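Me: I've got a new protein on screen and would like to talk it through with you. Let's start with the empty spaces.

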Amino acid sequence: YIDLKKLVFFGDVSILVNVTKPTENVLVHVNKMNITSAKVEMASSRDSLSIQRQFEFKKNQFYVMVMKSPLEKGRQYRIKMSFRAQLTGDLAGLYKSTYKRDGKEITIAATQLQPTDARRTFPCFDEPALKAKFTVTLAHDP
C-alpha cells in the first residue's frame, strides 16, 4: 500500500525458495526499510519453522534469519515478510516524484529498479545473477 499523504509504503512478500544445500541462514535483501514481521514456512504444509534470531545486516543490505534447524536440501520453503518504508525522492526503488498540472503540484509514486534497487521496494533476492519472477499488486488512495 502506498500512502502519498504520509509518504510511506508498506506491504507483504511471500518468496518461494528451492533449497539446493542445507543452511541455517536465510538472507533476503532489504535496504532502507523496516521489517515488521518475518517467518519461514514449509511450502507444502505451511508449518512455521522456528527462527533462533533475526536481524538486519546493513553493511550488505541483508535481513538475516538464523533458523533453529537447517533448511533441508531438495525441499521448498516460503519466506513471508511484512515491511514498511518511507517514500523519498531518491530516484531508486519505489520513490516520490511530482509533476505540475494546471499549476498544482501532484505527488506520485514511481519506480527505478536498476540492479540492486528492487531491495528498496520490497524484500527480495536482488542480485543481477539471481533472476526471479515477481507478481506485484500496488494499492493507494485515489
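Me: By class, how do the residues lining the second largest pocket divide?
Reply: A pocket here is an open set of points on a 1 Å grid over the protein atoms alone, where a 1.4 Å probe fits and protein lies on both sides within 12 Å along at least five of seven lines; lining residues have an atom within 4 Å of a point. Ala, Val, Leu, Ile, Met, Phe, Trp, Tyr, Cys and Pro count as nonpolar, Asp, Glu, Lys and Arg as charged, and the others, Gly among them, as polar. On that scheme, this lining splits into twelve nonpolar, four polar and three charged residues.

Me: Hang on, what kind of model is this, and what pLDDT do local features need?
Reply: Residues are numbered from 1 along each chain as its sequence is written, and side-chain values use heavy atoms, with hydrogens and water left out. The model is predicted: totals for chains, interfaces and linings use all residues, side-chain atom pairs count only at pLDDT 80 or more, and local features need pLDDT of at least 70.

Me: OK, back to that second largest pocket: how much space lies in it?
Reply: It has 19 lining residues, with Leu113, Ala118, Phe122, Asp126 and Phe134 nearest its centre. A volume is the space filled by probe spheres set on the grid points, which are joined across faces, edges and corners. That comes to about 300 Å³.

Me: And the largest pocket: which strand gives the most to its lining?
Reply: This pocket holds about 920 Å³ of space, and among its 37 lining residues Ser14, Ile15, Pro123, Cys124 and Phe125 are closest to the centre. Strands 2 (8–18), 3 (23–29) and 7 (76–86) each give two or more residues. With ten residues, the biggest giver is strand 2.

Me: How many strands does the protein have?
Reply: Strands are DSSP runs of E with at least two residues, and helices are runs of H or I with at least four, numbered from the N terminus. There are zero helices, and the elements run β-β-β-β-β-β-β-β-β from the N terminus on. So by those cut-offs, the strand count is nine.

Me: Which strands are at the edges of the open sheet?
Reply: Two strands pair if DSSP finds at least two bridges between them. Three strands make up this sheet, in the order 3-6-5 with antiparallel pairing. Each edge strand pairs on one side only, and they are strand 3 and strand 5.

Me: Which residue in strand 6 stands opposite Ile51?
Reply: Strand 5 (51–57) pairs with strand 6 (residues 62–71) in the antiparallel sense, over six bridges. Opposite Ile51 in strand 6 you'll find Met67.

Me: Is Asn31 buried or exposed?
Reply: Asn31 sits in the loop between strand 3 and strand 4 (34–42). Buried means under 20% relative accessible area, exposed over 50%, and partly exposed in between (1.4 Å probe, protein chains only). Asn31 is at 13%, so this residue counts as buried.

Me: Which residues does Asn31 touch?
Reply: A contact means heavy atoms within 4.5 Å. Leaving aside residues up to four places away in sequence, the partners of Asn31 are Gln61, Arg119 and Arg120.

Me: What is phi of Gln61 near?
Reply: Most residues other than glycine have a negative phi. Gln61, in the loop between strand 5 and strand 6, has a positive one, near 60°.
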